[in-house]
Number of protein chains: 2
Amino acid sequence: MVRWEPDAAGRLRRAAVELFAERGVEATTVAAIAERAGVTERTFFRYFTDKREVLFSDQGQFASLFATGVRDAPPAASPLDAVAAGLRAGQSFFPAERRDGARVRAAVIAANPGLQERELLKMAGVADAMAAALRDRGVADPAATIAARVGIVVLGTAFVDWLAAGEARELPELIDEGLRALRALTLA
Amino acid sequence: MVRWEPDAAGRLRRAAVELFAERGVEATTVAAIAERAGVTERTFFRYFTDKREVLFSDQGQFASLFATGVRDAPPAASPLDAVAAGLRAGQSFFPAERRDGARVRAAVIAANPGLQERELLKMAGVADAMAAALRDRGVADPAATIAARVGIVVLGTAFVDWLAAGEARELPELIDEGLRALRALTLA
């Protein structure tokens, strides 16, 4: 009998990423993920529809974190300042202690074209959510779409640097560096 | 006997996109593409390694068009002005008469996840080529990477609008609109 485990979803996520990295996604079964997490398969299916979904199941929560940051920016903030507020809200998803786990997850995704595409769609979803929040602030298109996507460019560039070996800085500092570079682009 | 055809590669490209749109990519054979283009299969394989490559075979030429535009921008141009010059050079790939063909190609790609991914990689390749050209101009990272990717955001947003039903403006005007919106992002 398996006793009730606190944070079963989190344990399942960590177990899945570990097994995907060790054996590959194809060779990893739901049974193996559940076993390593110390729960039953039934518990697995209470949280996730399939093994790949474990890598993306926090997608809605993730996107709304960024969108809420945009929405809650001061009314006088420029579109880019509102996007910067969105990135500041979203980066709370990636505290220092998640860096090693994020590296393993990124390596799993990089090894699997289908997962790469799903990851790109996830980030496109974050851009869409931020663009919608900008429209709610009265920003017209194409500015709203461009501002949101430019924010994802800054986030993606900072994220790759954050995961790179030898990079000591944390994500907030790398995002700030990217935003400064973005604001300086029009200067010769 | 098949006589020599001028622009066999162009005819094969158009034939392939038509057939992909009519029958789907899976159901289209190289033999059918060659037949519609009025050439032999042997001629097909002189230009392309497989049927999917027909959609992406101009990738290197496409990326270098943008990179050359960045490289040839005036020395005093800001990173964003150099990227704008790259987009101006690259948009020559999409004259008004290519709009309908581009619509059909986009629909084929949208219907096929594998092709979507290849298209994303193609655009990432253009960003990489522009970023390298910016580095050659003395722009450091992350500014070079961010400037190039931001250019691709403007291009991609303009391109989707260009292909949308009812959009009368041509691509250069839509790109200019995107660049103006980008430059205005920091204004409240």
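Contact here means heavy atoms within 4.5 Å. With that in hand, I looked at chain A of this predicted model and found that residues 24 or more positions apart account for 64% of its contacts with a separation of 6 or more.

**Entry: confidence.** I checked the scores before going further. The mean pLDDT of chain A is 92, and 96% of its residues reach 70 or more. For the model, I noted ipTM 0.84 and pTM 0.87.

**Entry: chain A as a whole.** How many helices and strands does chain A have? I counted nine helices and zero strands, so my sketch of the chain, following how helices and strands are assigned, reads α-α-α-α-α-α-α-α-α. Its C-alpha atoms fill a box of roughly 60 × 35 × 30 Å along the principal axes. Of the 188 residues, 50% count as buried. I put the accessible surface at about 9,100 Å², with 56% belonging to carbon and sulfur atoms. For charges, I found 24 positive and 25 negative side chains, and the centres of the two sets lie 2 Å apart.

**Entry: helix α7 of chain A.** Next I followed α7(A), which runs over residues 113-136. This helix has 24 residues and spans 35 Å from its first C-alpha to its last, close to the 34 Å expected. Which of its residues are buried? My list includes L115(A), M123(A), V126(A), A127(A), M130(A) and L134(A), and also the charged residues E117(A), E119(A) and K122(A). I then asked what covers them. The cover includes α4, α5, α6 and α8 of chain A, together with α7 of chain B, and I was pleased to see the partner chain turn up there.

**Entry: after α7.** Following α7(A) I came to G138(A), whose phi is positive, near 95°. A little further on, I looked at the loop between α7 and α8 of chain A, where P142(A) lies. Is the peptide bond from D141(A) to P142(A) cis or trans? I read it as cis, with omega near 10°. In chain B, P142(B) lies in the loop between α7 and α8 as well, and the bond from D141(B) to P142(B) is cis, with omega near 5°.

**Entry: helix α8 of chain B.** I finished with α8(B), residues 143-163. This helix has 21 residues and reaches 30 Å from end to end by C-alpha, close to the 30 Å expected. Why do I call it largely enclosed by the rest of the structure? Because 17 of its 21 residues are buried.

Notes:
Residues numbered from 1 in each chain as written. Chains lettered and ligands numbered in written order. Predicted model: local features only at pLDDT ≥ 70, side-chain atom pairs only at ≥ 80, totals over all residues. Heavy atoms only, no water. pLDDT = per-residue confidence, 0-100. Helix = DSSP H or I, 4+ residues; strand = E, 2+ residues; numbered from the N terminus. Expected span 1.5 Å × (residues − 1). Buried < 20%, exposed > 50% of the residue type's maximum accessible area, 1.4 Å probe, protein only. Areas by Shrake-Rupley, 256 points an atom, 1.4 Å probe, with all protein chains shown as cover. Charge placed at Lys NZ, Arg CZ, Asp CG, Glu CD.
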